[in-house]
Amino acid sequence: MMLRGNLKQVRIEKNPARLRALESAAGEGDPAALALALPGEPPVPAAPAGEDRPADEGGFTIDIKSFLKPGEKTYTQRCRLFVGNLPTDITEDDFKRLFERYGEPSEVFINRDRGFGFIRLESRTLAEIAKAELDGTILKSRPLRIRFATHGAALTVKNLSPVVSNELLEQAFSQFGPVEKAVVVVDDRGRATGKGFVEFAAKPPARKALERCGDGAFLLTTTPRPVIVEPMEQFDDEDGLPEKLMQKTQQYHKEREQPPRFAQPGTFEFEYASRWKALDEMEKQQREQVDRNIREAKEKLEAEMEAARHEHQLMLMRQDLMRRQEELRRLEELRNQELQKRKQIQLRHEEEHRRREEEMIRHREQEELRRQQEGFKPNYMENHNDRFPQGPPSQMGSPMGSRTGSETPQAPMSGVGPVSGGPGGFGRGSQGANFEGPNKRRRY
């Protein structure tokens, strides 16, 4: 496979032997050139700078974007490769040139002291192609060991409801941080197994989700069924353990002395092999019994949960009814208080009105009495003058005027006589005037 000049096209060789030879030869020279050929074949000319290398009869070109699946995210943890057995003097530029045919990497890390590194490519497919082509390539007399890096931000999610989908799982865990992938595991018939996994873009969100879900109860649906979150166990189920990676220890050579075979009945091997099988059968039975117990416990818990849910709903209805009754009672009390206040206000108004009326009546009575008193005086004086006519001032004696003159007695006033046939009237002359009658000393 060769990268075209614009880094957008990839040339795929159809001859695997030629491709392997080119990659092996690239380990001793320029890793990006792959210009060497098999013995007896002419070398492949390098493309001039700035020009695209034309495709020959042995290959074709495709776009790098075609390696992306619909909806697949780029530069995820699943696109990260571990490269082992690196030369200690390799530079970062040499490391990048080793993978530049597979697109632009977003992460490059090299540990020269321990001879390994990490690189992240654009898509999983490109990473798989790079792993398949470069694994075992000789670079400076050292065969490269390439495999997918361990996903340190992946979590296993258990106890999922059958109605949880991939999208809901991703949406639920996105609150902790960016999620690269979320999958609900199903069986061969497409039925949910109650398990799934979530892959975050970084480790901090994964640790946050693990802690929060461990301390609390994280619910994804209406049913109070919390999910169980655990760190995901990493398995390499693609490459496994090839023979070339086996360490040739003493135990290895001892166990490899005899080839694969069936144990013969009645022999030592058959006896202990039968005991191993019995132990495995007992483990299987115990696991099945545990699974049955767990399944029965789950069914019982679900039944109890359903009954408790109905009871809880009834309790909520009772509480709501009591709350409404209490609200009605409070409103009735407020209404009674308002009526009582209005009644008191009305009574105060009536009392005030009655008091004002009483004051008005009393004031009117006083006014009438005053008017009667003021009207009585003129009438009295008029009646008095009719009864006791007065003469000219010269003939009437005045107490003040009598003191200025002599003390000579004066004649009685003319026209003044006894009232109602009684004794003769008394004069209203000077002070001390003499008059006949029993009350001659009475003064007014």
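In this predicted model, D280, E281, E288 and D291 form a negative surface patch. One of these residues, D291, is placed in helix α7. D291 is partly exposed, and its relative accessible area is 45%. Residues that take part in a salt bridge are left out of such patches by definition, so D280, E281, E288 and D291 are counted here as charges without a salt bridge.

A nonpolar patch is also found on the surface. F268, Y272, W276, L279 and M282 make up this patch, which covers about 600 Å². F268 belongs to helix α7, a helix that spans residues 268-387. The relative accessible area of F268 is 60%, and F268 is therefore classed as exposed, since the cut-off for that class is over 50%. In soluble globular proteins, nonpolar side chains tend to be buried together. The patch that contains F268 lies on the surface instead.

Buried nonpolar residues are grouped into cores. The largest nonpolar core has 21 residues, and among its members L169, F173 and F200 touch the most others. Two or more residues of this core come from each of the following elements: strand β8 (154-158), helix α4 (166-173), strand β9 (179-186), strand β10 (192-200) and helix α5 (203-215). A second core, separate from the largest one, consists of 19 residues, including F95, Y102, I110 and L139.

Burial can also be followed along a single helix. Helix α3 runs over residues 124-134 and is mostly covered, with 8 of its 11 residues buried. The buried residues of α3 are R124, L126, A127, I129, A130, K131, E133 and L134. The list thus contains R124, K131 and E133, which count as charged because Lys and Arg are taken as positive and Glu as negative. Just after α3, G136 has a positive phi of about 90°.

Positive phi values also occur in residues other than glycine. Y75 is not a glycine, yet its phi is positive, at about 55°. Y75 sits in the loop that links β3 (59-63) to β4 (80-84). With a relative accessible area of 26%, Y75 is partly exposed. N85, which is likewise not a glycine, has a positive phi near 65°. The loop that holds N85 lies between β4 and α2 (92-99). The relative accessibility of N85 is 26%, and N85 counts as partly exposed.

Salt bridges were then examined, and the structure holds 30 of them. One of them joins the side chains of R256 and E243, with an N to O distance of 3.2 Å. R256 is in the loop between α6 (250-255) and α7 (268-387), while E243 is in the loop between β11 (228-231) and α6; the pair therefore ties together parts that are 13 residues apart in sequence. R256 is partly exposed at a relative accessible area of 47%, and E243 is partly exposed at 39%.

A further salt bridge is formed between the side chains of E269 and R261, where N and O are 2.9 Å apart. E269 has a relative accessibility of 36% and counts as partly exposed. R261 is partly exposed as well, with a relative accessible area of 47%. The loop between α6 and α7 also contains A263, which is partly exposed with a relative accessible area of 29%. A263 and A273 are 10 residues apart along the chain, and their C-alpha atoms are separated by 7.8 Å.

Within helix α7, a salt bridge links E327 and R330. The closest N and O atoms of E327 and R330 are 2.5 Å apart. These two residues stand 3 positions apart in α7 and are thus separated by about one helical turn. E327 is partly exposed, with a relative accessible area of 34%, and R330 is partly exposed at 38% relative accessibility. Elsewhere, E352, R355, R356 and E359 are joined into one network by salt bridges that share partners.

Definitions and conventions. Residues are numbered from 1 along each chain as its sequence is written. This is a predicted model: local features need pLDDT of at least 70, side-chain atom pairs count only at pLDDT 80 or more; totals for chains, interfaces and linings use all residues. Side-chain values use heavy atoms; hydrogens and water are left out. A salt bridge is a side-chain nitrogen of Lys or Arg within 4 Å of a carboxyl oxygen of Asp or Glu. Helices (H or I, at least four residues) and strands (E, at least two) are DSSP runs, numbered from the N terminus. Buried means under 20% relative accessible area, exposed over 50%, partly exposed in between (1.4 Å probe, protein chains only). Patches are made of residues with over 30% relative accessible area and no salt bridge: like charges are joined within 9 Å, nonpolar side chains (Val, Leu, Ile, Met, Phe, Trp, Tyr) within 5 Å. Accessible areas come from the Shrake-Rupley method with a 1.4 Å probe; for residues, only the protein chains shown count as cover. The place of a charge is taken as NZ of Lys, CZ of Arg, CG of Asp or CD of Glu. A nonpolar core is a set of buried Ala, Val, Leu, Ile, Met, Phe, Trp, Tyr and Cys residues joined through side-chain atoms within 4.5 Å.
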